[in-house]
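Ready for a little practice in reading a protein model? Grab a pencil and work through each exercise before you look at its solution.

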Amino acid sequence: MLANEARNRAGVAAIGSLGGGSITSIFGFMLTPALRSKRSVKLLVIAGTLLYGLGLGTAAASTRYWHLLLTQGVIAGVGNGLVQYPLATIAPEYFSGRSGKAMGLITAASGLGGLTYAPIIRMMLKNLGTRKTLGLLSLINLSTCGTIAYFAQPPRKVKARCATVPWKFAKEPVFILTIFVNLLSTLAINIPMALGPDFSRALGYSAGIGALLLAVNNGIGSPSRIAIGHIADKIGHQNTLFVAMAIITLTTWILWLVGAMIGTKCMWLTFIIIHGLLGGAFSTLCGNVTVQLFGHEMYFASAGIFSCARGVGYLAGVPIAGAILGDVKDRDAIPQDFGGMIVYVGSLLLICTACILAVRILDGRKKGWKLIA
């Protein structure tokens, strides 16, 4: 039954969330002090490389679901996070004039990797089988991440850095609202991609067309992140983030929810395209916005807290949506059955967008209002 398939997909997505480094993100604030020296950054990336390879390699021997959860989920997930977290956190400091475009290129490459990996892995699974594929992926990631570890750079030198967030600073409304922005956005943003294929089938599409729509979403997302970064450099990072999240929120309520209620395909297709174009705005701009809001002195300390919030969001968002969808009776689902889940996503995005606007206003009042920010 489609409802059971949706719950199974949510379970697989949970492993994917762990494999994406959510666990490491949750404990990102503990890694912050290590980012202040080149040696520590290299050690973190090397440790992540070894754990990533070990997790994928041992996943090849898995015989039960919990084996896969432990190996590909936890071990490889922590390793992946230890590779990505230091490098993604440091990168915004190296590009002051065109930081939006630089981070757009970085996040676009990340999305492009996922897009190209999918058909290659399907081909490998077909020709080599699951165990040999996981073993080969382990070797590939050991070699590529090892090269990354060799070239890993330390953060730029600044006059002073805070290792932790002072309590007085943590109580400021802008800081608290930014935590909510990081949490709420990641709780919601991946749900259309994770459970979208099931919704496509409920609309009457075949499983192949549902997978194709997901590929379209990912394919559009990679180049659009470069454009988002370029626009952010022109009109301001906070402004761009607010506009992007506002549009995604409106399309969730208008196109996805209304389209589900009346069961029309064209509204879902339009939503997929818009979500693909703008869904990467937060991951592209969050680091730059953090530097802009809190400065280099507080950047690492605050980025660790925000990383923790994002990790919780990435880890919990899809399983919660799957649980909401799980209330559907075991039968072939119809688009209207997804209404509660879509309202959940839309509500999270609406609150998140309101928080972004509040941050923009409060920051403008504190530092002096600027049109481009």
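Below are five exercises on this predicted model, each with a worked solution.

**Exercise 1. The whole chain**

Find how many helices and strands the protein chain has, and what share of its residues count as buried.

*Solution.* Start with the secondary structure: the protein chain has 15 helices and zero strands. Next, look at burial: 50% of the 373 residues count as buried. Finally, turn to the surface: about 17,100 Å² is exposed, and carbon and sulfur atoms supply 70% of it.

**Exercise 2. Classifying a ring pair**

Decide whether the rings of Phe-169 and Phe-294 are stacked, tilted or edge-to-face.

*Solution.* A pair of aromatic rings is described by two things, the distance of the centres and the angle of the planes. Step one is the distance: the centres of Phe-169 and Phe-294 are 5.5 Å apart, and the limit for a pair is 6.5 Å. Step two is the angle: the planes of Phe-169 and Phe-294 meet at 70°, and over 60 degrees counts as edge-to-face. The pair is therefore edge-to-face. Step three is to place the pair on the chain: Phe-169 belongs to helix α8 and Phe-294 to helix α14, 125 residues apart, so the pair links distant parts of the chain. Both Phe-169 and Phe-294 are buried.

Now try Phe-294 with Phe-306: their centres are 5.6 Å apart with 45° between the planes, and this pair is tilted. Phe-306 is buried, as is Phe-294. The structure holds 13 aromatic pairs.

**Exercise 3. Charges over rings**

Which rings have Lys-42 and Lys-265 lying over them?

*Solution.* Take Lys-42 to begin with: it lies over the face of Tyr-150, 5.7 Å from the ring centre. Then take Lys-265: its charged end sits over the ring of Tyr-205, 4.5 Å from the centre.

**Exercise 4. Checking a helix length**

Test whether the end-to-end distance of helix α15 agrees with its number of residues.

*Solution.* Helix α15 covers residues 339–367, which makes 29 residues. At 1.5 Å a residue, the expected span is 42 Å. The end C-alpha atoms of α15 are 42 Å apart, so the two values agree. Just after α15, Gly-368 takes a positive phi of about 100°.

**Exercise 5. One histidine**

Is His-237 buried or exposed?

*Solution.* First locate His-237: it lies in helix α12 (residues 237–262). Its relative accessibility is 10%, and the cut-off for buried is under 20%, so His-237 counts as buried. Beyond its neighbours within four places in sequence, His-237 has contacts that include Ser-99, Leu-285 and Ala-373.

Methods
Residues are numbered from 1 along each chain as its sequence is written. This is a predicted model: local features need pLDDT of at least 70, side-chain atom pairs count only at pLDDT 80 or more; totals for chains, interfaces and linings use all residues. Side-chain values use heavy atoms; hydrogens and water are left out. Rings of Phe, Tyr and Trp (its six-membered ring) pair if their centres lie within 6.5 Å; planes under 30 degrees apart count as stacked, over 60 as edge-to-face and the rest as tilted. Helices (H or I, at least four residues) and strands (E, at least two) are DSSP runs, numbered from the N terminus. Buried means under 20% relative accessible area, exposed over 50%, partly exposed in between (1.4 Å probe, protein chains only). A charge sits over a ring if NZ of Lys or CZ of Arg is within 6 Å of the ring centre and within 35 degrees of the ring normal. The expected span of a helix is 1.5 Å times one less than its number of residues. Contact means heavy atoms within 4.5 Å. Accessible areas come from the Shrake-Rupley method with a 1.4 Å probe; for residues, only the protein chains shown count as cover.
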